[in-house]
Amino acid sequence: MTALLARIKRFAHSPQGRNAAASVRRAAADPRRRSQAQRLLRKLRGHR
């Protein structure tokens, strides 16, 4: 399990990881995208 966390940490600090994080931040700032994500999470959790 620690190996997986180490790989995630390495990715997060890589240029690709930083780009991915920036992309997620931009998507989270968009109200339409935010509502889509909330609907998806509700669906995955079994709520309507």
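**A short tour of three helices**

Start with the whole protein chain: its secondary structure comes to three helices and zero strands, where helices are DSSP runs of H or I with at least four residues, strands are runs of E with at least two, and both are numbered from the N terminus. This is a predicted model, in which local features need pLDDT of at least 70 and side-chain atom pairs count only at pLDDT 80 or more, while totals for chains, interfaces and linings use all residues. Residues are numbered from 1 along each chain as its sequence is written, and side-chain values use heavy atoms, with hydrogens and water left out.

With the C-alpha trace displayed, you are looking at a span of about 35 × 25 × 10 Å along the principal axes. Switch to a surface view next: of the 48 residues, 4% are buried (under 20% relative accessible area, 1.4 Å probe, protein chains only).

Now select residues 15-29, which form helix H2. Its end C-alpha atoms lie 21 Å apart, in agreement with the 21 Å that its 15 residues should span at 1.5 Å a residue (1.5 Å times one less than the number of residues). H2 is hardly covered, with one buried residue.

Add residues 31-45, helix H3: H2 and H3 pack at about 95 degrees with their axes 5 Å apart (axes are lines fitted to C-alpha atoms over the stretch in contact, and angles run from 0 to 180 degrees between N-to-C directions). The two are therefore roughly perpendicular, the term for 65 to 115 degrees.

Finally, show the side chains where they meet: Ala27, Ala28 and Ala29 of H2 touch Pro31, Arg33 and Arg34 of H3, contact being heavy atoms within 4.5 Å.

Definitions and conventions
Angles under 35 degrees count as roughly parallel, over 145 as roughly antiparallel, 65 to 115 as roughly perpendicular and the rest as oblique. Buried means under 20% relative accessible area, exposed over 50%, partly exposed in between (1.4 Å probe, protein chains only).
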